[in-house]
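Visitor: Could you pick one part of this protein and take me through it closely, pairing by pairing? I'd like to see how that part sits with whatever is around it.

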Amino acid sequence: MLKKMLKQAPFAMATGLLALMCAAAGPALAQSSPPGHALPGQTGMMPAVTPIAHEIHSFYDLTNIIIIAIAVFVLLLMIYVCYRFSASRNPVPSTTTHHTLLEVAWTVIPVLILVVIAIPSFKLLMNQYSYPKPDLTIKAIGNAWFWEHQYPDQGNFTVTSNMLSDEEVAELNQKGVPAIRLLAVDNEVIVPVNKVVHVLVTSNDVIHNWTVQSFGSKIDAVPGRVTSTWFQAEKEGVFYGQCSELCGMNHAFMPIAVRVVSEQVFNDWSGAMKAKDKKKAKEILDKVALDQAGVQAVASAKAGETR
Ligand SMILES: [Cu+2]
C-alpha cells in the first residue's frame with residue numbers, strides 16, 4: 001500500500017502543484033492595465049492591442065505552461081529518486097541497462113512536446129511575415145539617437161521624434177497630460193485605429209531596432225536595407241516602444257511613441273501635416289491627447305478596482 005502511494009505521490013504532487021501555479025499565474029496574465037507602457041511591479045507582458053500581439057501572448061502562455069510542467073516533473077522525479085534509491089533504502093542496485101518501452105517513451109514524448117510547440121510557433125511566424133494589404137505605410141528611420149517617421153502615401157511629410165527631458169515630462173503631467181519619463185517624445189507617430197499599417201524600417205547610421213511591444217512589432221533597422229513589420233491596432237491610445245538593438249551611447253534614450261487615433265482625427269491631422277500647417281496639426285494632437293488621457297484615467301481606475 002505504502003509502496004503504491006509512494007509510486008503515485010510524485011505524479012499527484014506534480015499535477016497538484018501545476019494546477020496551483022496555473023491558478024496563481026492566471027490573474028497576473030489577465031491583469032488589465034492602461035495600455036502602452038509597463039507598470040511598476042508588472043509581471044506579465046504589456047497589454048496586446050494587435051492580432052499578432054494577442055497570438056504572441058497565447059504562444060507565450062502555452063510555452064510557459066509546458067516549461068513549468070517539465071521543470072516541476074523533473075524536480076519531483078529527482079527528489080523521489082534521491083529518497084527511494086538512496087544507499088540505505090536500496091543497497092543492491094538494479095543492473096538493468098536497457099528498457100525498450102522507457103527508451104521509446106523518453107524519445108517520443110519530447111518529440112510530441114516539440115510538435116505541440118512547433119505548430120503555433122510556425123503559425124505565428126507565418127502570420128507575422130504575411131503582410132495584409134496596407135491602409136497606410138510608414139517609413140521608420142533610425143538615427144543616433146532618435147527616430148524619423150515618413151508618411152510616403154500621405155504627401156511624404158516627416159515626423160521626427162526626440163525623447164522629452166524630465167522637465168518637459170513634468171510640465172506635461174502638470175497640464176494633466178500623462179507623459180511617461182524616458183518614453184514620451186515631442187512628436188508622436190500617429191496612426192488610425194483598426195487599419196493595417198506597414199512599417200518600412202531602415203537606418204541612417206548604425207543598426208537600431210523598431211519595437212513596440214503592445215503591437216508585437218520588433219524589427220532591426222539596418223543601414224542600406226529596408227526591413228518591415230506590420231500592425232493593426234484595435235484600441236486607441238498611446239503605445240510606447242524603445243530602440244531594441246544596442247546602438248551606442250544614447251541607445252536607451254530613443255523611444256518610439258505611437259498614438260492610435262480614430263480615422264477622422266488621423267485624416268484631419270495628416271491633412272494639416274500635408275498642408276504644412278504645423279499649428280493646426282499640434283492643436284488636433286493636443287486635443288486628442290487630453291481626450292485619450294481622460295479615457296485612460298478611467299481605464300486605470302477600473303484596473304485598480306479589479307486588482
Ligand atoms: Cu538605436
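Guide: Let's start at one rung: Leu136 stands opposite Val197 in S5. Before we climb on, a word on what you're looking at. This is a predicted model, where local features need pLDDT of at least 70, side-chain atom pairs count only at pLDDT 80 or more, and totals for chains, interfaces and linings use all residues. Residues are numbered from 1 along each chain as its sequence is written.

That rung belongs to strand S1 (residues 136-143) and strand S5 (residues 197-203), which pair in the parallel sense over seven bridges. Two strands pair here if DSSP finds at least two bridges between them. The strands (E, at least two residues) and helices (H or I, at least four) are DSSP runs, numbered from the N terminus.

Now step to S2. S1 and S2 run antiparallel and are joined by five bridges, with Gly142 opposite Trp147 in S2. Just two residues separate the strands in this hairpin. Carry on to the next hairpin: strand S2 (residues 146-151) and S3 are also antiparallel, again with five bridges. Two of the rungs are easy to find: His149 has Val159 of S3 as its bridge partner, and Tyr151 has Phe157 of S3. This hairpin has five residues between its strands, and Gly155 in it takes a positive phi near 100 degrees.

Put these together and you get an open sheet of five strands, in the order S3-S2-S1-S5-S8, with mixed pairing. The edges are strand S3 (157-161) and strand S8 (227-231), each pairing on one side only. On average, neighbouring strands are turned by 25 degrees against each other, direction ignored. For angles like that, axes are lines fitted to C-alpha atoms (for helices, over the stretch in contact), and values run from 0 to 180 degrees between N-to-C directions.

There's another sheet to look at. S4-S10-S9 is the order in an open sheet of three strands, also with mixed pairing. Strand S4 (189-192) and strand S9 (237-242) are its edge strands, each with pairing on one side only. The twist from one strand to the next averages 25 degrees. S9 and S10 run antiparallel, joined by six bridges, and Gly241 faces Ile256 in S10. Helix H5 (residues 263-274) packs on this sheet, touching S4 and S10, and its direction makes about 135 degrees with that of S4.

Hold on to Ile256, as it links several things you've met. Leaving aside neighbours within four places in sequence, Ile256 is in contact with Trp147, Ser161, Val189, Trp210, Val212, Tyr240, Gly241 and Gln242. Contact means that the C-beta atoms, placed from the backbone, lie within 7 Å.

Ile256 is also one of the best-connected residues in the core. The largest nonpolar core has 46 residues, of which Ala140, Val191, Phe239, Ile256, Ala257 and Val258 touch the most other members. Such a core is a set of buried Ala, Val, Leu, Ile, Met, Phe, Trp, Tyr and Cys residues joined through C-beta atoms within 7 Å. Strand S10 (residues 255-261) supplies the largest share, five residues. Domain 1 (2-31 + 45-89 + 99-128) and domain 2 (136-306) both give residues to this core, so it lies between them. Those domain bounds come from an automatic or database domain assignment.

What about burial overall? Of the protein's 307 residues, 25% count as buried. A residue is buried if 20 or more other C-beta atoms lie within 10 Å of its own, exposed if 12 or fewer, and partly exposed in between, with C-beta atoms placed from the backbone.

For contrast, turn to the helices. Helix H3 (residues 100-129) has 30 residues and reaches 43 Å from its first C-alpha to its last, close to the 44 Å expected at 1.5 Å a residue; the expected span is 1.5 Å times one less than the number of residues. None of its 30 residues is buried, so H3 lies largely in the open. Leu62, in helix H2 (residues 51-84), has 14 other C-beta atoms within 10 Å and is therefore partly exposed. Leu62 and Ile117 are 55 residues apart in sequence, yet 8.0 Å apart in space, C-alpha to C-alpha.

Key. Two residues are in contact if their C-beta atoms, placed from the backbone, lie within 7 Å.
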